[in-house]
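Trainee: Could you walk me through this model before I set anything up?
Mentor: Gladly, let us have it in front of us.

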Amino acid sequence: MSTSYNDNDLSRANRLLGSVLTRVLHDQTHPEISANVERLENRFASWTSDANASKLNQLRNTIEKLDIDGISGVVRVFNHYFSLLNIAEESYYLDLRRKQAEQGGHYWPNSFHDTLLILKDSGVTPDKLQVLLDELLYLPVMTAHPTEAKRRTVKNTLRNIFITHESLADKRLKGYWRKEGLERLQAQIQMLWKTDEVRGRKMTVADEIDAGLFYFPLSLFQATARVYRNFERSLADVYGDEVAAKLRIPNFLQFGSWIGGDRDGNPNVTPETTVLALRLQTQTVLQEYLRRLAELRDQYSHSYGFCELPEEFITSLAADRSKLGSAIFELEKPYLQEPYRHKLAMMKFRIEHSLLKVQKHLRGETALHDGFGYVDVTEFLADLRLIDSALRSHGDANIANLELHDLIRLTETFGFHLMQLDVRQESTRHTEAVADILQAALGLNYLDLDENQRLALLSEAILTHGGLVYNRAALSTATRETLSGFEVIATMQREIGPSCFGKYVISMTHAASHILEVMLLAAQSGLAGRLGGQWFCHIGVSPLFETIDDLNRIEAVLTRLFDNSTYRELLRVSGDRQEIMLGYSDSCKDGGILASAWGLSQAQRKIIALAEARGIKCLLFHGRGGTVGRGGGPTHEAILAQPPATVGGQIKFTEQGEVLFYRYNNMETAIYELTMGITGLMKASLSLVQPVKADEPEYLSIMDELAHIGEQSYRQLTERTPGFLDYFYEATPVGEIGQLNIGSRPSHRKKQDRSKNSVRAIGWVFAWAQSRQTFPAWYGIGFSLSTWCAGKPERLKTLQNMYRDWPFFRNLLSNAQMALSKSDMAIAKEYASLCVDPETGKRIYGLIASEHQRCVEWILEIANTKQLLEENPVLAASLHRRDAYLGPLNMLQVFLLRQVRAVDSGNTEDNLWLKPLLRSINAIAAGMRNTG
């Protein structure tokens, strides 16, 4: 392929946006702002090239001479530069993929075309491909975890800038039209400059629901349709039209959400907000169906006499007229000679009434079914398929294959619920509720029972017909609220449909009883049990294992669960399918990246082996964040790095914060990201149709040793080093991040508890990233590698072979390289100077800095490269473009932290330095992209 990455082309795109920003600053700001920006850049560059104390003092003096307004202006310039750089990169890579597609062949690497060619060449015949497709499920789950610092208004403005910049890349745009495009671009960047990027109030759960729904009409509806269309086209190109026509392409793409259902540690998520989330989701998808039905109605102008309609279609039309009666008399008048328009007008009328019912609920009004709206999505789908069949019957298959085909795909994907909403709650809440109920109903002290006694009691109680009898008023407020959550699940399944909920996720699952406790609570609302000898289960449970200890005990917990006869029956009537969630962020915060990554990998092997031995199919739910320290990194490579034969065609994972913005704010990028994930899933699922190479036993044994050494090193720093937590709270902006108003969830599980266990993994990783230490993603790797190889130089060769041959190890060290590249120990030293006790700051900074150096040296040795990211020049160049601007921002932030903390004020709103500090957090987040 002749089309390849060219940094010069990208630099030109970046210079265009930068020059327009410069003009805006010249026209709209005081000249001193641009002068300050340039001065800081030069001072920082001078210090980094020379690294002597006098140059550092010059940089500090330059910063200290700035007043509050001057600092705010400089920070905003840097912030907008990063946003525009991100647009330039996104636009450039999109254009590169287009050029690759124009040349034919494999299209871009890991596209559907490229992947299907690889599968075909490896011996995947059409019948094997059908087996693979039948099992395929790619399920990203949106969460409201607060790592996205951009306001929605800013996102919209950036979207407009992207579109205009894209149009200017068209070489046919010349003269007046190009001048007009440049003027529009300047106006949009000027609007960006005059929009406050810092939220003035804390986000509510309703705001978070709205923020998640924002991406569907913006990009995801169209992107989803295009993903299926691209797959179908590539399938025909690679396997041929005849084979493609016979293969059945299921709906392998679905979406989930936690927004409005994630109660764990968030008192702002209530049963009422869960109802709100579901109804807003339904409103969003019905509005999309209305828009598309209107488009189809305007297109399908077939007239009677020019097409021979099937009897089934004519009967359906008559049945609709009879059902809707006089309500549609005026509506149908213009379409009586055009059968498809007639049918589509009535379908649109029915969807409008379904939407009206939802909107009445949202307004708090009574909304009874009036007989006009669709009862459920199956009715709507039946009508769409009827039109599709009729068109094909009279030679219009090519017409049916366009917009109608897309709408059928979207309806099969999104139903009337849009996303499957998961509910999440922490295990102790269920234990306390069950104890409360059993005390009220039976006078039993549940908390005094051991695990075996609990399992026996719960198994019997689940089967109690009609649920346990107790005085609800005697229950605690917390128990009543917990029960209300299950009642909402039952109510909304009746209102919207059984697919509106995904799974009930149990955080901090430590025992099999934690799952049966949820089943007992569900049984109280009629969601599970046995009636007339028949078992039923209308709720699925996903135990979440998130600490290192949890991962280590996963085999014992699941064995007891799967061997429990009551739970096994409930699982049987649920199709013998179990979802298990694995927590990346908390396990990494708990034991470090090596113990976390290896513990998760081993846990997957154990889960699949246990399940397969009992005839159970397991869907693994990966709780990933945006950063490496929270399981992030490139999705395609992450899926391929999973243990052999553990993926099985299906994967579910969380998408959150800034990751949603960078993946889904633009439709073409959304198509690319979804495609990369799905093709990674296809490759990782080859074990379904052909033998795959097992991991080398020697490599597994070595990783056991490396993970143990790395965990001890990490725990030594974070749990056994005096002053470490003081360092965390003083040498990072973790306390100030909570004032950014970027989420409804508290930053700590318990107020006033500054322990490592209390601080949430999001704030943990976000704060270390802001201070350019990013150590959760790499600390312990260098010490582990050096210790294992100490005195045994031949072991280095073994590690080099592991890096070359084993996707897991390669992915682990590749992600560590990215995180190490985002670290800057010279800048981190400035943050360390914020410590109240200077000696503590120096001591702990020294430990982190020495491990950073050790990591770099050993990873380069193992990868056999001279510098970090040498094998990924595109990412290396992207990070390099940011360095000159991130550094001055960090230095400004250190100064601002010192000023904010020096002001003795009980009311933070009175602290004039706070807002510029919050702006700096925004700007650094934009520069580093994946911050939490």
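Mentor: We can take the barrel, then a pocket, then the cores.
Mentor: This is a predicted model, in which local features need pLDDT of at least 70, side-chain atom pairs count only at pLDDT 80 or more, and totals for chains, interfaces and linings use all residues. Residues are numbered from 1 along each chain as its sequence is written, and side-chain values use heavy atoms, with hydrogens and water left out.

Trainee: Which strands make the closed barrel?
Mentor: The closed barrel has 8 strands in the order 1-2-3-4-7-8-9-10, with parallel pairing; strands are DSSP runs of E with at least two residues, and two of them pair if DSSP finds at least two bridges between them.

Trainee: And how many bridges join strand 9 to strand 10?
Mentor: Strand 9 (residues 617-623) and strand 10 (residues 650-656) are joined by 2 bridges, and Phe621 stands opposite Lys652 in strand 10.

Trainee: New topic: which residues have the most contacts inside the largest nonpolar core?
Mentor: They are Trp778 and Phe809, in a core of 283 residues. Such a core is a set of buried (under 20% relative accessible area, 1.4 Å probe, protein chains only) Ala, Val, Leu, Ile, Met, Phe, Trp, Tyr and Cys residues joined through side-chain atoms within 4.5 Å.

Trainee: Which helix gives the most to this core?
Mentor: Helix 4 (residues 68-102), with 14 residues; helices are DSSP runs of H or I with at least four residues.

Trainee: What else is there?
Mentor: A second, separate core of 9 residues includes Trp258, Leu544, Met581 and Phe621.

How values were computed
Buried means under 20% relative accessible area, exposed over 50%, partly exposed in between (1.4 Å probe, protein chains only).
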